[in-house]
Amino acid sequence: MEPFDRLCPAPPHWTLTWTDIRDTFPWIRRMARVPQDWEHHREGDVETHTRMAAEALTAMPDWRQRPVGERV
């Protein structure tokens, strides 16, 4: 499932490289221009929200214990 396999964080460092994700997917870059309601999403645009959600997910021990195919 390239490029998802390549971009999905993996042991031992579990690094989420958002720059590579942005460079790979034009639809991620377009999220930068989508505003969110300031009252509920003070982080700003949809891209920032999505990055923060992905970072939170990859930090979760339960997610890290999932089989590779389910993480990707």
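Buried residues, meaning those under 20% relative accessible area (exposed is over 50%, partly exposed in between, with a 1.4 Å probe and protein chains only), make up 24% of the 72 residues in the chain. The model is predicted, so local features need pLDDT of at least 70 and side-chain atom pairs count only at pLDDT 80 or more, whereas totals for chains, interfaces and linings use all residues. Residues are numbered from 1 along each chain as its sequence is written, and side-chain values use heavy atoms, with hydrogens and water left out.

**The whole chain**

Begin with the cartoon, where the secondary structure comes to six helices and zero strands, helices (H or I, at least four residues) and strands (E, at least two) being DSSP runs numbered from the N terminus. The C-alpha trace spans about 35 × 25 × 20 Å along its principal axes. Switching to a surface, you have about 5,200 Å² exposed, of which carbon and sulfur atoms supply 57%; accessible areas come from the Shrake-Rupley method with a 1.4 Å probe, and for residues only the protein chains shown count as cover. With contact meaning heavy atoms within 4.5 Å, 35% of the contacts between residues at least 6 apart in sequence join residues at least 24 apart.

**Trp14 and Trp63**

Next, select the aromatic side chains, among which the structure holds three aromatic pairs. Rings of Phe, Tyr and Trp (its six-membered ring) pair if their centres lie within 6.5 Å, and planes under 30 degrees apart count as stacked, over 60 as edge-to-face and the rest as tilted. Trp14 and Trp63 form an edge-to-face pair, 5.8 Å centre to centre with 65° between the planes. This pair links distant parts of the chain, since Trp14 is in the loop between α1 (4–7) and α2 (18–24) while Trp63, 49 residues apart from it, is in helix α5 (residues 61–64). Trp14 is buried at a relative accessible area of 14%, and Trp63 is also buried, at 9%.

**Phe25, Trp27 and Phe4**

Move on to Phe25 and Trp27, whose ring centres are 5.3 Å apart and whose planes lie at 50°, so the pair is tilted. Phe25 is buried, with 9% relative accessible area, whereas Trp27 counts as partly exposed at 42%. Add Phe4 to the selection, and you have one aromatic cluster formed by Phe4, Phe25 and Trp27.

**Glu47 and Ala32**

Now select Glu47, which lies in helix α4 and is buried, with a relative accessible area of 8%. Leaving aside residues up to four places away in sequence, Glu47 touches Trp18, Arg22, Ile28, Met31 and Ala32. Ala32, in turn, sits in the loop between α3 and α4 and counts as partly exposed at 29% relative accessibility. With the same sequence neighbours left out, Ala32 touches Arg22, Asp45 and Glu47. To relate this site to the tryptophan pair, draw a distance between the C-alpha atoms of Ala32 and Trp14, which are 18 residues apart along the chain and separated by 24 Å.

**Gln36**

Finish at Gln36, in the loop between α3 (26–30) and α4 (46–58). A polar contact is a pair of N or O atoms within 3.5 Å; within protein, one must be able to donate a hydrogen and the other to accept it, and residues adjacent in sequence count only if both atoms are side-chain atoms. The side chains of Gln36 and Glu43 are joined by such a contact of 3.1 Å, and a polar atom of the Gln36 side chain lies 3.1 Å from the backbone oxygen of Gly44. Residues up to four places away in sequence again not counted, Gln36 touches His41, Glu43, Gly44, Asp45, Val46 and His49.
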